[in-house]
Structure formats: structure tokens, C-alpha cells
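Please open the model in a viewer and keep the sequence panel visible. The stops below are meant to be followed in order.

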Amino acid sequence: MNPSDSTTGRPDRSHALSALRNAVSGAVLTPDDPSYEAECTGHNLLHVARPAVVVGAVAVEDVVAAVRFARSQDMPVAVRNAGHQTVLPEGPGEWLLITTGRMDDVRVDPHARTATVGAGARWRKVVDASAKHGLAPLAGSAPGVGVLGYTLGGGIGPLLSRSHGYAADHVRRMDMVTADGEVLRVTPQSDPELFWAMLGCKGNFGVVVSMEFSLFPVTRFYGGGLYFRGEDTAQVLAVWRQWLTTLDEDTTTSVAVQRLPEAPDLPDVLRGSFVLHVRVGHQGPASRGEVLVAPLRRAAVCLLDTLAERPVTEVGEIHVDPVRPAPVSGTSVGLREFSAATAEAFTALTDADSGCPLASVEIRALGGALDRQPPVPNAVPSRGLPFVSFAFGVAEGERAEPVQKYLAAYAEGMSPWADRRDIVNFLSPESAFDEAEMRRVFGEERYTRLAAVKRRLDPGNVFRLNHNVLPG
Ligand SMILES: Cc1cc2nc3c(=O)[nH]c(=O)nc-3n(C[C@H](O)[C@H](O)[C@H](O)COP(=O)(O)OP(=O)(O)OC[C@H]3O[C@@H](n4cnc5c(N)ncnc54)[C@H](O)[C@@H]3O)c2cc1C
């Protein structure tokens, strides 16, 4: 029997830790371990974790042991994979972090047209493994993003989302470690309400250790981007807005005003430049794509044109998102329209005279299948939202404050067109513990339903270090 602390009745920490180390095949690290710092650092250098214990899981049993240890020590549990949206408490504290990056197993079943992936899988590996069988997943814009975090938050991709809907709409099964440290298989048949809640409400109900989802027969696409001078934004946006009205669901598009860094891996013409980047993902061949994008090419003088027919493994070339870890602050605004007035305000907030310090301010056109309920419903709250804007800046220390102030000013400037609905995946970590914000994003009815599932699965809110729905 483990000795207990006489004041709290909890198992003594050092005994509990050595039992945890014996049970876990992966890493168990505390702040005095040399590898602790590296294990706690994810994609966003502004949010470095400082938990009492971090478990680098390599197997489901490690996740089970970590959750049971945390329960025994009254610690909340956070989960991090690729670290693009990790929600963490400020500073050091009594909580436990499970990192899942080592659990990156990907299995493709070409006959069933499914992939089954572990908690540490990123899109790059799933895209490549699927392409070998002429198939594609509903991947996001950045191949380095974690598959499970993305899919549990809905998941909107740059190529297939307007024709196929959210990635969450095509999940068939999830295996999860619950707050009691039990492994639970969740399917639409086994627990329809939990299945509904998990897809859209992220890590509120447990640690998902495996997920099976559908793949689609897509091998090639026509797409990439057109880079215009930032000064031509108003003119190009006028063409883009008109062009949007002509699109079928087989085309997905977005625009981003970008202040690009002096990075050596960028083409000369883009290095250190202020640009408008128009992105296109079209599911037809080059012959159709070339006709489709002709009006965009004529919108203004183009600095760089990367539109081409490509293998589906190049889906990351549509947005060309930054890949290196950086100190990032971001904000998201769901938009009920992107009218001439919205475009005018957007341009004024981002142009050369605006003092905008942000690296990228993006507008994604949604619609199509993203508006429709899937056959098996889920809690994704943004259905019917026509546009979303995601803005981010890169700065740390004192330089982070003006960026964060500008993000607030940008959201305020777009507020006349803002919708209650938002993309869960784009919510900033800072908004995670704000109950009013979560009620806004999910809407009262959905929030109440999610809170009931939370009460059933995790009444003590062990999984509260995320965009949290309270158990009530
Ligand atoms: C450059 C970039 C591009 C992006 N592009 C897109 C895009 O095209 N479409 C889109 O929809 N989103 C996009 N996103 C948002 C992205 O989908 C989310 O940030 C997603 O949560 C990232 O998952 P992660 O594993 O990378 O991050 P992490 O920070 O590791 O995880 C984020 C959160 O997901 C939850 N989570 C992760 N794994 C698990 C698990 N196994 N069990 C339970 N909960 C878990 C946790 O709550 C965690 O806090 C992008 C983000 C960035 C930075």
C-alpha cells in the first residue's frame, strides 16, 4: 500500500511518482529533469507549459496511468500533441500534462477507405499514407497540425471542406481514456450523446487515444496561391468577392493580408513583403482550374503565381502556413457576411497606413457542405457561418502587448459583421476559461447539452485545461 500524506489523505507524491514511473513506458518528467523543458515546449512559444508532472505517453496504458495518477493527486490534466492551440494555466502549477506526440501510429484500410490514427498523428503522415492508396483525408491547411485536436474541434481544410464538410463529420469511432482512467470505445451506436459532444467540444470529456475516420478518392487537385501587392488589396478583394458567387462546392478559397518575415526559405519576391495572398483549392484538372482562376489572375499585377495541378500530398502548398515554432497570439472572428463594407473595413484595418503589426489576417470562405448536418450529428457549432477571419501576430516579451492590443482592435473593427458562431479550432487559448465566451461560441442550447454530457463523464472537471465547458 502507498503511504499517504497525513493532511490531505492523498498518496504521498514521491511514492505515487515512482509508481507512475514504473507503470509508464514513455517519459515521466518533473521540473528538475533535464528533458522537462523540451517536453513542455510546443508550437507556440508564448505558451510553454510548467506542469508539476509531464507524461510523454507512448501507449494507451501510459495515458491511463497518467490520468489515474493525476486523480490521486487532485490534479487537472492537460493534453498536448503538436501544440498549435494548447490551453495552459499561466506559470508553474499543480497540474499534469500528457504529451501524445510519440503515439503517431497511422493505419490505412484501402478497402474500407478509412484511416485509424493515434493521438500523436499529424496530417503530413496521414496524407502521405492515404495517397499511396489513391485516397485523401479531410486534412487542414498545415501538415504539421495534430489530427485529433483538429478533428475534435471540427476541422476545415483548404481543399475538400466545401464539398465534404468538417473532418468531424466523417469520424467513425474514437477510443478515449476517461476521467476515471478507463478506456472507452465511443461510436454513434455505443453512446450517441457522447459521440455528438466529443466532435466539436475537443478535449472536455477525456483523452482520445485513437480515432477512425473516412478517406476519399482524391489523388490530384488544381491549386496554390496568387500573391498581390498589399497596396492592391481593395481592388483584388472586389474581384474575389464577386468570384466567390460563381463557385461550386468543389472549390475552396481564402485570402490573407500578410506581412512576411525576412525568412531565407521564402522566394526573393516575398521576403519581407506586404502582400495579399489569395488561396485556391479546386478539385478539377488544370484545364478547368485555369479557366476558373482567370478573373483572379487579372485582378491586379501578380507578384507570384503558384497555381498548378498538384498531387494531393501537396495540399499544404495552398496556404503555405509557417512551420517553425514561434511566439504567436491570435484571434478569430466569425463573420455573417463579407460585403463591400466588410471588405472596406478589413482593408482599412490591415493596410500600410493602419499600423497593423499582425503577420497574417485571413478570411476563409465557408459554406457548401460545411452548412449541412452530417448523417451522424455532432456538436460543431459553426454550421451556416459563411466566413471566418483568423488573425495572428508573432512577438514575445514587451513586443507581444501591442500585437495583442491590435488583435483586440481588429476584432472590434470587424464587430459590426461578427456572428455569434465561431470556428472552435481558431479560438485563442486566452478565451479558454471564459464561460461567457464558451456559451457564446456554442450557443445556450448546445452548451446546456454539452454541460450535461460533461457532468456525466467528468463531474470533477479533471479535463478543464481546454476550451472548457463546465459540468454545471
Ligand atoms: C498554422 C496553423 C494552421 C491551422 N490550420 C487549420 C485549418 O486549416 N483548419 C482548422 O480547422 N484548424 C486549423 N488550425 C487550428 C488547429 O486545428 C487547432 O489549433 C488544433 O487544435 C491543433 O491541434 P494540435 O495537436 O496541433 O494542437 P495542441 O495544442 O496539441 O492541441 C490543441 C487542443 O486540442 C485538444 N486535444 C489535442 N489532442 C487531444 C486528444 N488526443 N484528446 C483530447 N483532446 C485533445 C486539447 O484540448 C488541446 O489543448 C491551424 C492552426 C495553426 C497554428
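The tour goes from an annotated region to the ligand and its surroundings.

This is a predicted model, in which local features need pLDDT of at least 70 and side-chain atom pairs count only at pLDDT 80 or more, while totals for chains, interfaces and linings use all residues. Residues are numbered from 1 along each chain as its sequence is written, and side-chain values use heavy atoms, with hydrogens and water left out.

**The annotated region.** Select residues 47-218, which UniProt lists, in an unreviewed entry, as "domain: FAD-binding PCMH-type"; such annotations may be inferred rather than shown by experiment. Over this stretch the chain is 23% helix and 26% strand, and its end C-alpha atoms are 37 Å apart. Helices (H or I, at least four residues) and strands (E, at least two) are DSSP runs, numbered from the N terminus.

**The shell.** Next, select the ligand and the residues around it (those with a heavy atom within 4 Å). There are 31 of them, and the closest are Asn81, His84, Thr86, Ile156 and Lys202. By class, 13 are nonpolar, 14 polar and four charged, with Gly counted as polar. Colour β3 (77-80), α5 (147-152) and β9 (207-214): each supplies at least two shell residues. The largest share, four residues, comes from α5.

**Polar contacts.** Now display pairs of N or O atoms within 3.5 Å. At Gly83, a backbone N or O atom lies 2.8 Å from a ligand oxygen atom. A polar backbone atom of Gly146 is 3.0 Å from an oxygen atom of the ligand. At Val208, a polar backbone atom is 2.8 Å from a ligand nitrogen atom. Finally, show the ligand surface: taken alone, the ligand exposes 950 Å², of which the protein buries 94% (Shrake-Rupley method, 1.4 Å probe).

Terms used:
A polar contact is a pair of N or O atoms within 3.5 Å; within protein, one must be able to donate a hydrogen and the other to accept it, and residues adjacent in sequence count only if both atoms are side-chain atoms.
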